[in-house]
Amino acid sequence: MSFFNTTATTTGVSGTTSTSADKDVEVPEPPTDSISSLAFSSQADYLAVGSWDNSVRIYEVGTGGQTQGKAMYQHNGPVLSVCWNKEGNKVFSGGADNAGRMFDITTGQSTQVAQHEAPIKVVKWIDAPQAGILATGSWDKTVKYWDLRSSSPVASVQLPERCYTLDVQYPLMVVGTAERHIQIYNLTNPTTAYKSIQSTLKWQTRVVSCFTASTVSGFAVGSVEGRVAIQYIEDKDSSNNFSFKCHRRDSSPNAKDQALVFAVNDISFHPVHGTFSTCGSDGTIHFWDKDARTRLKTFEASPGPITTTAFNRNGTVFAYAVSYDWSKGHSGMTPGMPNKLMLHACKDEEVKKRPRSK
């Protein structure tokens with residue numbers, strides 16, 4: 001079956017629903033434990049995958065959806081985050097071994113480039129004008145900036161709490177921590193918070209994701225309570241802030257109560273259209289248009305949780321991971337829990353913005 005000729009049944013206009021993701025392509029030889037992080041190169045269809053099995057795997061994705069494992073390297077603990085540099089020739093990762101590592105695609109060598117006093121929850125590449133910088137956010141309540149030519153951080157920022165999530169769209173960096181703190185940075189002044197706010201969502205922050213393809217700067221926040229908030233940076237745009245429920249289910253077929261609440265595990269913005277996806281512990285994925293405030297597509301991707309997602313560089317391929325997300329603690333890790341890496345071919349009607357209603 002040709003990957004880019006796949007079709008999915010959709011119904012309705014606002015909030016389309018699709019068949020299950022049975023036409024999506026499953027990547028062979030996935031990690032052997034929960035998948036924590038996905039990142040596509042900005043230069044080619046190479047996908048980096050971080051896992052609780054202490055590994056980072058790199059796959060090449062072909063035009064027909066076929067994949068080939070290209071490289072793998074190890075941490076001394078679960079890998080919690082992966083990213084690429086702008087040139088697409090280096091992969092960075094952070095893990096529960098408190099270390100940040102760099103894998104050079106051209107040499108096949110892995111080296112340690114960052115160190116914290118607690119697990120590194122997030123790594124992000126900052127494409128700054130003069131030279132690229134690696135940002136690492138840790139449970140030791142700091143964000144550190146690393147120039148790869150030096151073994152010491154060029155700067156360190158104290159956070160109010162443990163870093164749970166971090167995203168960058170230069171010059172914007174947004175950090176979400178424990179206790180619902182959100183720190184907003186203008187990276188032209190990277191060591192001082194531009195704004196410090198409390199999340200408008202009432203429960204623990206799971207993910208922050210910066211807008212792409214937007215003239216107005218802002219970000220989305222997802223929490224464990226099955227809600228997403230759209231937040232603009234500047235006060236003049238604050239009238240556009242809103243939040244909405246998602247990843248919820250009725251307690252019974254006739255209840256219509258949305259009483260079953262699932263964590264929002266990841267939010268990925270489309271690199272071209274600026275629409276975005278959410279995935280959750282309920283095994284569903286939604287595509288959204290924040291400007292039209294509408295849902296573009298829903299699909300039941302899996303009976304198990306979706307842990308992380310990523311669009312490729314031009315938004316034609318959407319990768320997602322089916323594996324345990326630890327939302328129910330250690331006791332929820334039952335035998336036979338699925339562990340899959342999936343690829344979905346994006347169609348225009350799923351990811352293009354809708355005309356805004358008058």
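Two strands count as paired here if DSSP finds at least two bridges between them, and this predicted model can be toured strand by strand with that rule in mind.

Begin by selecting residues 99-104, which make up strand β10, and then add β11: the two run antiparallel and are joined by 6 bridges. To see one of these contacts, pick Ala99 and look across to Gln115, its bridge partner in β11.

Next, widen the selection to the open sheet that holds both strands, where 4 strands follow one another in the order β8-β9-β10-β11 with antiparallel pairing. Colour β8 (79-84) and β11 (109-115) separately, because these strands stand at the edges and each has a single partner strand, so that one side of each lacks a neighbour in the sheet. If you turn the view along the sheet, the twist from one strand to the next averages 25°.

Now move along the chain to strand β22 (residues 227-232), which pairs with β23 in the antiparallel sense over 4 bridges. Within this pair, select Arg227 and find Lys245 standing opposite in β23. Staying with β23, show the side chains of residues 242-245: Phe242 and Phe244 belong to the covered face of the strand, whereas Ser243 and Lys245 belong to the uncovered one.

For the last stop, turn to the record, since an unreviewed UniProt entry lists "repeat: WD" for residues 28-69, 72-113, 113-156 and 264-298. Select residues 264-298, where the chain in this model is 63% strand and 0% helix, and where the C-alpha atoms at the two ends are 14 Å apart.

Conventions: Residues are numbered from 1 along each chain as its sequence is written. This is a predicted model: local features need pLDDT of at least 70, side-chain atom pairs count only at pLDDT 80 or more; totals for chains, interfaces and linings use all residues. Side-chain values use heavy atoms; hydrogens and water are left out. Buried means under 20% relative accessible area, exposed over 50%, partly exposed in between (1.4 Å probe, protein chains only). Axes are lines fitted to C-alpha atoms, for helices over the stretch in contact, and angles run from 0 to 180 degrees between N-to-C directions. UniProt positions are given in the numbering used here, feature names are shortened, and annotations may be inferred rather than shown by experiment.
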